[in-house]
Every structure is written in C-alpha cells, then in structure tokens.
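Please take a look at the protein below. A short tour of its structure comes next.

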Amino acid sequence: MIATPPRTPVGRFAALVEQRLGLHYDKAQWGELESLLAERAAGSGVERYLEQLASTSSQAEWKALAERLTVGETYFLRHPTQLETLVEQVLPSFMRQTPNIRVLCAGCSTGEEPYSIALLARERGRVDVSRLRILGVDVNPRAISHARRACYSPWSLRAMPLAMREQWFQRTPEGFALRPQVRDQVIFEERNLLEEAPAFWAPGSFHAILCRNVVLYFPPEVIRKIIARMAQALVPGGYLFLGPSETLRGISEDFELLRGGDAFYYRLRQPAPSAAPQRTPSHLELPVLSSHTPPPLPDGLEGVLHLLEAERYTEAWGLLESQTQVSPRALLLRAVLHLHAGRLGQAEQLGRQLATESATEAPAHYLLGLCLEQFGDEFGARSRYAAAVRADPTFALGQLRAGTLARRAGDVVDARVSLRMALSLLPQEKPLYLALFGGGFGRHGLMQVVLQELHACTEVS
Ligand SMILES: C[S@@+](CC[C@H](N)C(=O)[O-])C[C@H]1O[C@@H](n2cnc3c(N)ncnc32)[C@H](O)[C@@H]1O
C-alpha cells in the first residue's frame, strides 16, 4: 500500500491504479508501469494525463487501462473440486428454500468460470438449471465481450474431458462455440468491484459468490472492503469461494471455513439463532477448520514452483527473473512459464535443449508435446508424450496425455493401456510434475479426468 503521496509521475500513476482498480504495484514493479504511462500520455503529456486520470471524466481511459493491466488467466473447470462442491452440495442445498438460485462470479475474466458452473450443473443434474441464475462481472471490457461471444480456443478447454467438450461445444472456424442453451444461462456485466454500487450489493442478492484468483493482486485493505461487500450481498448462510492461494485470515470474521475433498470454501456465519438451532443438511456437514493459512513462500526455485502451482504466473516469472540459477530445473520452470504466457516458440526452444539433459528429459518431452498440441499437431504431440514416458516410465501425466490423444485419434486399445497406467501411477506422481503440469487439479481431480477418459473409450468402442 502506498502510504505517503508519491511525487514521481510513475508513483502517482501507481497510486491511481491502486485506488481505482485495486491493483497494487510495488516500487520494484514500477518499471512495468513506466512504459505504459509514457505510451498513454504521449498525446497530452504526463502531467495533464495524470490530472485527467484523477478526474471523474476519464471512464474510457480507465477501461483501456483495465484491459492492459488486469491478468485474465482462466480456463474451463479450473479448481474442479470447488466447482464440484458448488454444484453437488452448495447449490442443491438452496433448492427447497428459494425459487431462483443466484450465483455471482466476481472477476470472471473471459467467462470460462461461470460457464463451467452452468455446464457442471447440467452434467451433475442435482440442480434444476431453469432456476439457476449466473452472473459474471469483470472490470476488463474486452474480457466481457469475449465472454459474451462464448467462443474458445483448445487451450481454454484443456482441462475439459473430450466427451464433455463434444457435447457442449460446436467447432467453428473461430474456435469452440458454446451451445446457446448454456451460453444464454449466463449474463455478463462490466463492473469494477471497487466501485460503490449499493443496489448491486444489496443484502441477500446472491446465494454463492466466486471470487477466485482476483483479490491476490489487491492490498489487504482493498480485499477487506470487497469481502465486506460480498458478505453483505450474500443470503444468510451463503457461500464464498476464493482461489486456492487466497485466504480470509486477517481479512474477515464473517465467514467460517469449510472443506470438501481437497477444496476450501467459506460460509457466511449465521446470526445467533433466537429459537431452536436449525440443523445443517447432512450433506453439508463438512469438517470445519479454524484457519487456513497458506504456508509461507519459500525462496528461490521452490518459491517459483509454489507460485506456478497457485497459477500466479506473473509473480512466478518475476521471482524467476530475480534468480541467478541457470540449472536445468530453473530452465524447465522458465519453459513452462513461457508456455503459460503463450510464448510457444521460446517454450519449444528451451524444451528441445532440456530434452537432451537426463535430469529434465521426461518433463521436457511432455512440455514439447503441449507445445505441439497448441500448434495443432496432435500426431507429433503423441510421439513426444511417448518419449516422456520412455524417459520416465512412472510419469503418470505423460501416460494420461498419451492416452487422451490416442483416444482422440481412435486408437482405443492404446488409449486404454495408457489411461490404465496413468490411473495406477497417479497416486505416486512426482509433486514436481503435478505442480508443473497438473493444471490446478490435485491427484484426486486428475484421477477423475482419467476415469472420464476411460469411460469415453468405452463409448467409442
Ligand atoms: C486471474 S482472472 C480470474 C478469472 C476466474 N475467476 C478464474 O479463477 O479463473 C482475474 C480477473 O479479475 C479481474 N479483475 C481485476 N480487478 C478487478 C476489479 N477491480 N473489478 C472487477 N474485476 C477485476 C481481471 O480483469 C481478471 O479478469
């Protein structure tokens, strides 16, 4: 948090960005803002530009800045255990109490998260979807128009089982278009979570709010304000889902922490009952933990890995850049981060180099397979996954990917062999591989993916 008003132009710019968008930039990161400031102020001059930004008539410029500064990383079925808990336990618990169930995705980016809820609700069948209302809001106008178009790249759908993708999406020249009956279930709105909007945050507006991987870029006092707003807008006993590396510890006492499988989430504490206490539905009787403190970030490469696992890619890159190590493991992390940023050429170049080192041979082949999939070369990718499991026969994720592509190519026998290997190897998968390539799924989530793939093999044969 910026305590005293900064005098340098970039410091003032950073303070305005934090005030209006909530995004906090440490002094060490001001370099990133400097070039943006120079670019945006080229027409008017820096002083005048900053004055205009601070005035109320600068909405259009703030929209443009939101597009440039926000981090929109997202994909379908991200943190799947939380989503399963939402559609299988949380939302059904409201079915008998209310005609319509209202879910808010705050910071929904390009829409994958709210659409995942709509899809899973249909797949699991525990909620009457005609009574489910899902609203996605985001400060980035470009993300919102993408969400409304509902057309996605294979990368956005990377965690979705093929059978599900085939059922709910239509392949078009622009990408995978979500079928209209699901698309139309979600409404999107451009909205800054920091702006006062009493009508929007009116008491009892939502049964569940997802605000995942959004507040990790905000300073604590901004998080406190936003969470207080959300607590007010939830129905009594409503639910809040944050990202895995976000916590309410030190932020709010209004919620209790719950756990379902390997997912954590929060429930708004009920006011002390005046009459006999209501019984919690048995399916919601989950172990309650007193606190959930993420472990402190270790230094060095472990820290980078930890940030990568939490999908905090920009920070992971920053930390990696500050390291002096050029070990194969550091280069592997660099290659994976290039891949996540869409710099496929650089990822591939490093992958090729690392595939010749025995310490990184298997993950490097796997990474090259992912790059080839991005280039649309599934045949080439299969041979890379095969090379990955030759280099490390215990590499469960390599078997999983090999099996998935074999099934897509119609080689059901090969697919089954690889997928069964994946299933038996997953319980012992190396934590490094899970962190690098697990895509936010825990072991349990990945096992579900394998089972769905095996099921899809049965449907094909
Ligand atoms: C990393 S994405 C998370 C997307 C999704 N919730 C998920 O977990 O996959 C963070 C999103 O928060 C949005 N965001 C950041 N600051 C915001 C603000 N002040 N108001 C609304 N949205 C904001 C960004 O535009 C971005 O799309």
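This report goes from the whole protein to single residues.

**Overall form**

The model is predicted. The protein holds 20 helices and eleven strands. Its C-alpha trace spans about 60 × 60 × 45 Å along the principal axes. A compact globule of 461 residues would have a radius of gyration near 23 Å, and the protein agrees because its own value is 23 Å. Of the 461 residues, 53% count as buried. The exposed area is about 21,100 Å², and carbon and sulfur atoms supply 53% of that area. Now consider contacts between residues at least 6 apart in sequence: 70% of them join residues at least 24 apart.

**Two cores**

The largest nonpolar core has 57 residues. Phe395, Leu397 and Phe437 have the most contacts inside this core. Residues up to four places away in sequence aside, Phe437 touches Val336, Pro363, Tyr366, Leu367, Leu370, Phe395 and Leu397. Another core, of 53 residues, lies apart from the largest one. Its members include Leu37, Cys211, Val215 and Leu248.

**An enclosed helix**

Helix α11 covers residues 300-309. Seven of its ten residues are buried, so the rest of the structure largely encloses this helix. The buried ones are Gly300, Leu301, Gly303, Val304, Leu305, Leu307 and Leu308. What do the buried residues of α11 pack against? They pack against α12 (313-321), α13 (328-340) and α19 (431-437).

**A three-stranded sheet**

One open sheet has three strands in the order β3-β5-β4, and the pairing is antiparallel. Its edge strands are β3 (151-152) and β4 (169-172), each of which pairs on one side only. Strand β5 covers residues 175-178, and four bridges join it to β4. In these bridges, Phe169 has Leu178 of β5 as its partner. Likewise, Arg171 is matched with Phe176 of β5. Two residues lie between β4 and β5, and the two strands form a hairpin.

**Cysteines without disulfides**

A disulfide is a covalent bond between the sulfur atoms of two cysteines. How many disulfides does the structure hold? The number is zero. To count as a disulfide here, two cysteine sulfur atoms must lie within 2.5 Å. Cys108 is in no disulfide: the nearest cysteine sulfur is that of Cys105, 6.7 Å away. Cys211 is in no disulfide either, and the nearest cysteine sulfur, again that of Cys105, is 9.7 Å away. The table lists both distances.

| Cysteine | Nearest cysteine sulfur | Distance |
|---|---|---|
| Cys108 | Cys105 | 6.7 Å |
| Cys211 | Cys105 | 9.7 Å |

Are these cysteines buried or exposed? Buried means under 20% relative accessible area. Cys108 counts as buried because its relative accessibility is 1%. Cys211 counts as buried because its relative accessibility is 0%.

**A buried residue in a loop**

Phe200 sits in the loop between β6 (186-190) and β7 (206-211). Is this loop residue, Phe200, buried or exposed? Its relative accessibility is 11%, so Phe200 counts as buried. Which residues is Phe200 in contact with, leaving aside neighbours within four places in sequence? They are Leu104, Leu135, Val137, Glu189, Arg191, Ser205 and Phe206. Arg229 is 29 residues from Phe200 along the chain, and 9.8 Å separates their C-alpha atoms.

Terms used:
Residues are numbered from 1 along each chain as its sequence is written. This is a predicted model: local features need pLDDT of at least 70, side-chain atom pairs count only at pLDDT 80 or more; totals for chains, interfaces and linings use all residues. Side-chain values use heavy atoms; hydrogens and water are left out. A nonpolar core is a set of buried Ala, Val, Leu, Ile, Met, Phe, Trp, Tyr and Cys residues joined through side-chain atoms within 4.5 Å. Buried means under 20% relative accessible area, exposed over 50%, partly exposed in between (1.4 Å probe, protein chains only). Contact means heavy atoms within 4.5 Å. Two strands pair if DSSP finds at least two bridges between them. The radius of gyration is taken over C-alpha atoms; the globule rule is 2.2 Å times the number of residues to the power 0.38. Accessible areas come from the Shrake-Rupley method with a 1.4 Å probe; for residues, only the protein chains shown count as cover.
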